[in-house]
Amino acid sequence: MAIFKDSAGKATQHVYGVMSSDGKILSGEGFRAHRIWSGTYIIEFDQPFAGTPAAVCTIYGNEWQSFDKSIAIVELDSRYFVPVTSSMDRPEDCAFTFIAFGHI
């Protein structure tokens, strides 16, 4: 987690992480994480954002394990977000990376 001042002098928080397919934190800080059920995770921010942050996720892993996987953010709030990883026809556990940033 990092806090910077933007060009207007407002504090901006950047929360980032690398998650394993079973919901364990591999790296990053400023959040707690849990696997809710197959392919569905919740990332809770230690310090809530002032409003809805911008969040970006990407699938992480070996090509032979991840070439047919995708990730979508299905819920986003100032306190948490819910990413879902899936194959072409169903939710499926997969490692991923993310960053969320916005004003605090």
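This is a guided tour of a predicted model, moving from the whole chain to selected residues and rings.

Because the model is predicted, local features are described only where pLDDT is at least 70 and side-chain atom pairs only at pLDDT 80 or more, while totals for chains, interfaces and linings use all residues. Residues are numbered from 1 along each chain as its sequence is written, and side-chain values use heavy atoms, with hydrogens and water left out.

**The whole chain**

Start with the full cartoon, which shows one helix and nine strands, where helices (H or I, at least four residues) and strands (E, at least two) are DSSP runs numbered from the N terminus. Read from the N terminus, the order of elements is β-β-β-β-β-β-α-β-β-β. The radius of gyration is 14 Å, close to the 13 Å that the globule rule gives for 104 residues, so the protein is as compact as a globular protein of that length; the radius is taken over C-alpha atoms, and the rule is 2.2 Å times the number of residues to the power 0.38. Along the principal axes, the C-alpha trace spans about 45 × 20 × 20 Å. Buried residues make up 37% of the 104 residues, where buried means under 20% relative accessible area, exposed over 50%, and partly exposed in between (1.4 Å probe, protein chains only).

**The β7–β8 hairpin**

Next select β7 (70-76) and β8 (80-86), which form a hairpin with three residues between them. The two strands pair in the antiparallel sense over six bridges, pairing being assigned if DSSP finds at least two bridges between strands. At one position along this pairing, S70 stands opposite S86 in β8.

Stay on strand β8 and pick T85, which counts as buried at 0% relative accessibility. A polar atom of the T85 side chain lies 3.4 Å from the backbone nitrogen of C94. Leaving aside neighbours within four places in sequence, T85 is in contact (heavy atoms within 4.5 Å) with residues including G39, Y41, I59, P91, E92 and F96.

**Salt bridges**

Now show the charged side chains: the whole structure holds seven salt bridges, each a side-chain nitrogen of Lys or Arg within 4 Å of a carboxyl oxygen of Asp or Glu. Select D68, K69, R90 and E92, which are linked in a network of such bridges. Within this network, the closest N and O atoms of D68 and K69 are 2.8 Å apart, and those of K69 and E92 are 3.4 Å apart. The K69–E92 pair links distant parts of the chain, 23 residues apart, with K69 in the loop between α1 (63-66) and β7 and E92 in the loop between β8 and β9 (96-103). K69 is buried, with a relative accessible area of 15%, whereas D68 is partly exposed at 27% and E92 is partly exposed at 23%.

For another bridge, move to K24 and D22, whose closest N and O atoms are 3.4 Å apart; here K24 is exposed at 53% and D22 is partly exposed at 41%.

**Aromatic rings**

Finally, display the rings of F31, F45, F49, F81 and F98, which ring pairs link into a cluster. The structure as a whole has five aromatic pairs, counted where ring centres of Phe, Tyr or Trp (its six-membered ring) lie within 6.5 Å, with planes under 30 degrees apart taken as stacked, over 60 as edge-to-face and the rest as tilted. The rings of F45 and F49 have their centres 4.9 Å apart and their planes at 85°, so this pair is edge-to-face; both F45 and F49 are buried.

Note on methods: A polar contact is a pair of N or O atoms within 3.5 Å; within protein, one must be able to donate a hydrogen and the other to accept it, and residues adjacent in sequence count only if both atoms are side-chain atoms.
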